[in-house]
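Me: I've just opened this one and could use a quick tour. Can you take me through it bit by bit?

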Amino acid sequence: MNRLAQSTSPYLRQHAENPVDWYPWGEQALTRARAEDRPILLSVGYAACHWCHVMAHESFEDPTTAALMNEHFINIKVDREERPDIDGIYQKVVQLMGLGGGWPLTVFLTPDQKPFYGGTYFPPAPSHGRPSFHQVLHALSDLWKHRRADLDAQVTNFMEGMADLARLADEDSRQVSVHTSLSDPHTLDEVARRQLPKIDREWGGFGSQPKFPNPTSLEIFLQACRSPAIDVAAKSGEALLLTLTKMWRGGIYDHLRGGFARYSVDRQWLVPHFEKMLYDNAQLLGLYAEASRVWPEHMFLREVVRDTIGYLVADMRDPSGAFYAATDADSEGVEGKFFCWTPAQLLTVLGHKPAADLFAKVHDVTPAGNFEHGLSILHLPKDYAERAAELGRTETGLRDELTPLRECLLAHRYTRIPPLRDEKLLTAWNALLISGLVRASEAALDWDEPTILSGPARAREWLGLAEAAGRHLIAHHITADGQVLRASFAGQAHTRGYLEDLAALARACLDLHEATLAPQWLATAGQLARHALAHHASPGGAGFFMTADDAEQLIERSECQHDSALPSGLGMILEVLLRLGHSEAAPPGARAAAEAVMHRYRGAIAQPFAYASLLIAARFAAPDAVHVSLLAESPEAAADLARPVRAARAQLAAPLSLHYTRADGPARAIVCRARVCSLPFTDPAALVPALHADGSIRYTDR
C-alpha cells in the first residue's frame, strides 16, 4: 500500500515509490507495531538532504534491503521539518552514542516508541568503520527476537541518558553565582569574549571544517561591536566583518543569483553542500543588512542583501506571498551540477573568448576545476578591487563589465534542470524571513543609490514583501481558536505548531508593528505570547516546552533550550515577552515569566553557542534598553516621531523596542529605560537626545 503519495511532505512523497512498506508517523503504524510485537525502524530526513538521497538510492530503493526491512520492522518515515519534536527526541539517541547527530537519522524503537539503537547514514557495505545497513538490520532483528533482556537494558540506558540531557541547563546554572544576571549590560561583552577564541582568524567563521554560518552566534558579535567596551567592540567587529566577507567571497554564496547554501565542507567556504535553506537566508539577510549600517563603506554588504532578496523572490516565493522551505543540492543525480561551470561552458554561453576568460579569471573557473568532475564552483579568490588592479581596470569598470556576463550566465542556468524545490511553507522559517526583510527595509533607508533604486523605494518594496508573508501566515496558519499551525503544502495547512513557530511569528509581528505602527501586528503578537504562556510554559513558568500541553504526547515532552540552525523557541519567546512588556498588548505574567527564565538560565553565559538567542533577548531587560511608546490618533500621525526612533537603532549599544497606542491629542513619544520614563516628547528633534542618554527623564508610575 502506497501510504506516502498523498502526504503533505514533499520529502515523504519522494519515498512513495520505494519498495519499503513505509508508514507516516501515526497511530496506524504504532498500533501495528504493538499488535505484532515488532520493532520500529524510524527514518528521519528532509527533502533537500544530500545524504538522505544517497541512503535512499542505496538502500530504500533496493528490493533486497526493502524486503529485509519489511520482514523484521515496522518502517516509519518522518520529515524533520514538519515534525521537529520527533526529530529532537531521537537525535538525543545518536548524541548519547557519541555520533554527533544529523540526517538521515535512523533510530530503532520498541512498539511503545522507546529507542534501543540509532545512527545516521548506514552504507550498503561496511565502510570507514561503519557497519553495512544489512548488518545492522540483521543484528537488531536478532537482538529483538533472542536477547530481549539486553535490549531492555539498552532502552533503560537511553531513557536515563535523555533525562540527564534535559537537566544539563539547570546544572549549568548551579555552577554560577545566584547573583549572575543575563540582563546585566556587560553580560554580552563577556559572552563575546568567550566566543572570540573560536573564530578562524584567516577565513572567518567558527572552527575549522565543515563550516556553518551560525548566524545566531554571529548576532552576538553584531551586538557587541556597538559596545562601550572598546576592546570588545573592535574585536567583535573585526571577527564579524571578516566572516561576512569570506562567506560572500566563497562558494557558499551563489554569485549568479544570490543566496547562501547551507554550509561549506571546507575551511575556506569554497565547497558548499549546495542545498539552500530558507532559514539560513532569512537570518543572514538580516545580519548583512544590519552590518551594512555599521560599515556603510563596504558595498558588498548591500549587494548581498539586494541579491539575496532577489533570489528569494525569483526562486522561493509562493503566489500566496509566503516562501518555500528549501532547494536540493542535487540535479540530474549530481550534487552541484546546476551551479557549477567549465571554461568551455562559459565560452559557449557568452560567445566571446575575452569575456569568458575575464569571468573565468575573476571567479576561478579553470580546466581542472575546483570541484568534482572537472567542474568549478564560482567564488572570488580576490575581491573586486584587488582583481581590478591586477587587470589594469578600475573596480567600477570591472563590475560594469561583469554585470551583463553574470546576467547572461544566470539566464542560461535557468535552462538547466533545476534541483528539487521543497514547496511547503513553514511558519517559523517564514517568520524568520519576515524579520530579515524588515531589517533589510530599515537598513535600506540609509542607502543612497539613486542610479539603481533609491533606498526608500527599496525599503517600501521589501517591507511590502514582509507584510504579504505576514498576512498569509496569520490568515492561513492560525486557527479560529488561536492555535498556530506548523506548515502548509498545496494550500493545506496542517500540524500543530511548536514553540518556535509561535515565538518566531510573534517576533515577526512585533517587527512589522515597529516598521508600520499598524495595531493589528501588535495585537497578534500579544495573542501569540498569551497562547505560549497558556500552553507551552513549564510548571513554575521558568521555561517553555517545545510542544503544547494539548498536543500529541510522545515519550518525552522536551523543553526548548538550545539554539540549533535556528534561534531557539526559548530565546525568541523571551525576546517577545520583554518587548511586549512595555505595551498594552502584553499578556498577564509576561514580565514575571521572562524574569524566571533569565534566572533559571543564568548559566547560559558559559555556553554562548548553545544559548546565543537567549543571551541576546535578555538585553531587552537591561537597564540601558530603550523602550519607546508612541501615542497618537493614528499611525500616520505618529510617523514623524517614529522615524528618528528607527534611525537610532543602528547607533545604540542597547536594544530598542517601539510600539504605538491609539490616543487622543497630539502625537507624543515616551522613552523608558527600566522603570524610568520621560515626559512626553512632541518634537522629533527633542526626542533624539533622549534615545541616546538618560537626560530629561523622571520617575513615573508606568
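Me: Starting with a single residue: is arginine 387 buried or exposed?
Reply: Arginine 387 counts as buried, because its relative accessibility is 6% and buried means under 20%. Keep in mind that this is a predicted model.

Me: Okay, which helix is arginine 387 found in?
Reply: Arginine 387 is part of helix α16, which covers residues 384-391.

Me: And what is arginine 387 in contact with, leaving aside neighbours within four places in sequence?
Reply: With those set aside, arginine 387 is in contact with Lys361, Val362, Pro381, Lys382 and Leu398. As for Val362, valine 362 is 25 residues away along the chain, with 7.0 Å between its C-alpha atom and that of arginine 387.

Me: Which side chain does the side chain of arginine 387 make a polar contact with?
Reply: That would be glutamate 390, at 2.7 Å.

Me: Switching topic to the strands. What's the strand order in the open sheet?
Reply: The open sheet has five strands, in the order β1-β3-β2-β4-β5, and the pairing is mixed. β1 (22-24) and β5 (115-119) are the edge strands, each pairing on one side only. From one strand to the next, the twist averages 25°.

Me: How many bridges are there between β2 and β3, and in what sense do they pair?
Reply: There are six bridges, and the pairing is parallel, between β2 (residues 40-45) and β3 (residues 74-79). For example, serine 43 has lysine 77 in β3 as its bridge partner, and glycine 45 is partnered by aspartate 79 in β3.

Me: What about β2 and β4, which sense is that?
Reply: Antiparallel, over five bridges, with β4 being residues 105-109. In that pair, isoleucine 40 stands opposite leucine 109 in β4.

Me: How many of the residues of β2 are buried?
Reply: Six of its six residues are buried, so β2 is mostly covered, given that buried means under 20% relative accessible area. Ile40, Leu42 and Val44 are buried on one side, and Leu41, Ser43 and Gly45 are buried on the other.

Me: Which strands does helix α2 lie across?
Reply: Helix α2 (residues 27-36) lies across β1, β2 and β3. Its direction is at about 155° to β3.

Me: Now for empty space. How many cavities of 30 Å³ or more are there?
Reply: The count is three. In the largest cavity there is about 740 Å³ of space. It is lined by 36 residues, and Glu219, Gln223, Arg439, Arg507 and Glu575 are the closest to its centre.

Me: Which elements give two or more residues to the lining of the largest cavity?
Reply: They are α10 (215-224), α12 (278-294), α18 (427-444), α20 (499-516), α22 (569-580) and α24 (608-618). The largest share comes from α18, with six residues.

Me: And the second largest pocket, how much space lies in there?
Reply: About 830 Å³. The second largest pocket has 26 lining residues, and the closest to its centre are Glu303, Arg306, Asp307, Arg399 and Thr403.

Me: Which element gives the most to the lining of the second largest pocket?
Reply: That's α17, with nine residues. Both α13 (299-315) and α17 (395-413) supply at least two residues of that lining.

Technical notes
Residues numbered from 1 in each chain as written. Predicted model: local features only at pLDDT ≥ 70, side-chain atom pairs only at ≥ 80, totals over all residues. Heavy atoms only, no water. Pairing = 2+ DSSP bridges. Helix = DSSP H or I, 4+ residues; strand = E, 2+ residues; numbered from the N terminus. Axes fitted to C-alpha atoms, helices over the stretch in contact; angles between N-to-C directions. Contact = heavy atoms within 4.5 Å. Buried < 20%, exposed > 50% of the residue type's maximum accessible area, 1.4 Å probe, protein only. Polar contact = N/O pair within 3.5 Å; in protein donor to acceptor, adjacent residues only side chain to side chain. 1 Å grid on protein atoms, 1.4 Å probe; cavity = no way out; pocket = protein on both sides within 12 Å on 5 of 7 lines; lining within 4 Å. Points joined across faces, edges and corners; volume = space filled by probe spheres on them.
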